[in-house]
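Grab your viewer and let's work through a few exercises on cysteines and their bonds. Each task comes with a solution in steps.

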Amino acid sequence: MKKADENATLMNGVETTGPARDDVPETFGQFLYNKKNGTVLGRNGKSWFQIIVFYIIFYALLAAFWLACLTIFLKTLDPKVPRFYGKGTIIGVNPGVGYQPWLKERPDSTLIQYNLQDQSTWKPYVDQMKTYLDKYDSNATETRECGAGDSNDDLEKNPDALPCRFDLNVFEKGCSEKSEYGFKSGKPCVIISLNRLIGWRPTDFPANSVPEEVKDRYKAGSIAINCQGATNVDKEHIGKVTYMPPNGIDGRFYPYVFTKGYQQPIAMVKFDTIPRNKLVIVECRAYALNIEHDISSRLGMVYFEVMVEDKKVEAKKEL
């Protein structure tokens, strides 16, 4: 057998019966389908069957190996607790501070701006506040009443324990749905909350080391909230701020445990005398001994802007 015939046999899986390729070059059409040799794309039926079976087995084993690895990996995960959390991890031990209303339609904006004379400008904020607070009533049956001496400590020990129910009645005076959360009257209310950290609970300040900003409102077991202007100009314009409740976020609702029905504790700040038609940058900080404040990384604080306009709405011209 000529060398060219041997090469053709090895490549195509079939012996050539005609002249060698060196003698009669194969055209592209013959490569697609060679009637004389009974090949398609250079392979006969037996060769195609063998290679298809090989790849079916190969990819089946590859998929089985991948699924086995994925199953083993998922078995090592706890659906309730992150694999890495706490000190030295990206999650850390310092809770972040968040606020509401935050409009999903403007995810990159921290500006709360509306016109007192135009209901359509403040209605989205009222709707967002209502939506956020409605969840506290929707899962009330999955919680329990907690008295002054109760807390969520049982959640860490007993998986069947129910979390404490957060009572929204503390916001009834001035920051409720009835008053449209103060937006209609030009005294907007803003919800302040802490990020959920597994197992975190506030540490009390020693009696002689409570920060001056919250000294008159601080209560052991709670996280005090203080909001002020971010700059000296903002501090002059922010006016009177009312805290609900005065002590801040109730520490009885900690630690956070991933469980059905858990209700995140919150506090509200009401801007009673914020000026009209002026932009005020607000800085709100949470205070507990184990909460650090860092301006560069925004640890333990949150910034947002408030602008309450009072301008006559011009009637839209009909085309």
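**Warm-up: a cysteine and its cover**

Cys-164 counts as buried because its relative accessibility is 1%, where buried means under 20% relative accessible area, exposed over 50%, and partly exposed in between (1.4 Å probe, protein chains only). A word on the ground rules: this is a predicted model, where local features need pLDDT of at least 70, side-chain atom pairs count only at pLDDT 80 or more, and totals for chains, interfaces and linings use all residues. Residues are numbered from 1 along each chain as its sequence is written, and side-chain values use heavy atoms, with hydrogens and water left out.

**Exercise 1.** Find the disulfide partner of Cys-164 and work out the handedness of the link.

*Solution.*
- Step 1: Look for a disulfide, which is a pair of cysteine sulfur atoms within 2.5 Å. Cys-146 fits, with the two sulfurs 1.9 Å apart.
- Step 2: Place both ends. Cys-146 is in the loop between α4 (119-138) and α5 (154-157), while Cys-164 is in the loop between α5 and β5 (189-194), 18 residues apart. Helices (H or I, at least four residues) and strands (E, at least two) are DSSP runs, numbered from the N terminus.
- Step 3: Read the torsion about the S-S bond: it's about -85 degrees, so the disulfide is left-handed.
- Step 4: Check the partner's cover. Cys-146 is buried too, at 14% relative accessibility.

**Exercise 2.** Describe the link between Cys-175 and Cys-189.

*Solution.*
- Step 1: Their sulfur atoms sit 1.9 Å apart, forming a disulfide.
- Step 2: Cys-175 belongs to the loop between α5 and β5, and Cys-189 to strand β5, 14 residues apart.
- Step 3: The S-S torsion is -85 degrees, making this link left-handed.
- Step 4: Both ends are buried: Cys-175 at 2%, Cys-189 at 0%.

**Exercise 3.** Is the link of Cys-227 and Cys-284 left-handed or right-handed?

*Solution.*
- Step 1: The bond joins strand β6 (residues 222-229), home of Cys-227, to strand β10 (residues 280-287), home of Cys-284, 57 residues apart.
- Step 2: The torsion is 110 degrees, and the link is right-handed.
- Step 3: Cys-227 is buried at 6%, and Cys-284 at 0%.

**Exercise 4.** Count the disulfides and write down their pairing pattern.

*Solution.*
- Step 1: The whole structure holds 3 disulfides.
- Step 2: Number the bonded cysteines in sequence order, and the pairing reads 1-2, 3-4, 5-6.
- Step 3: For another cysteine to look at, try Cys-69, which is partly exposed at 37% relative accessibility.
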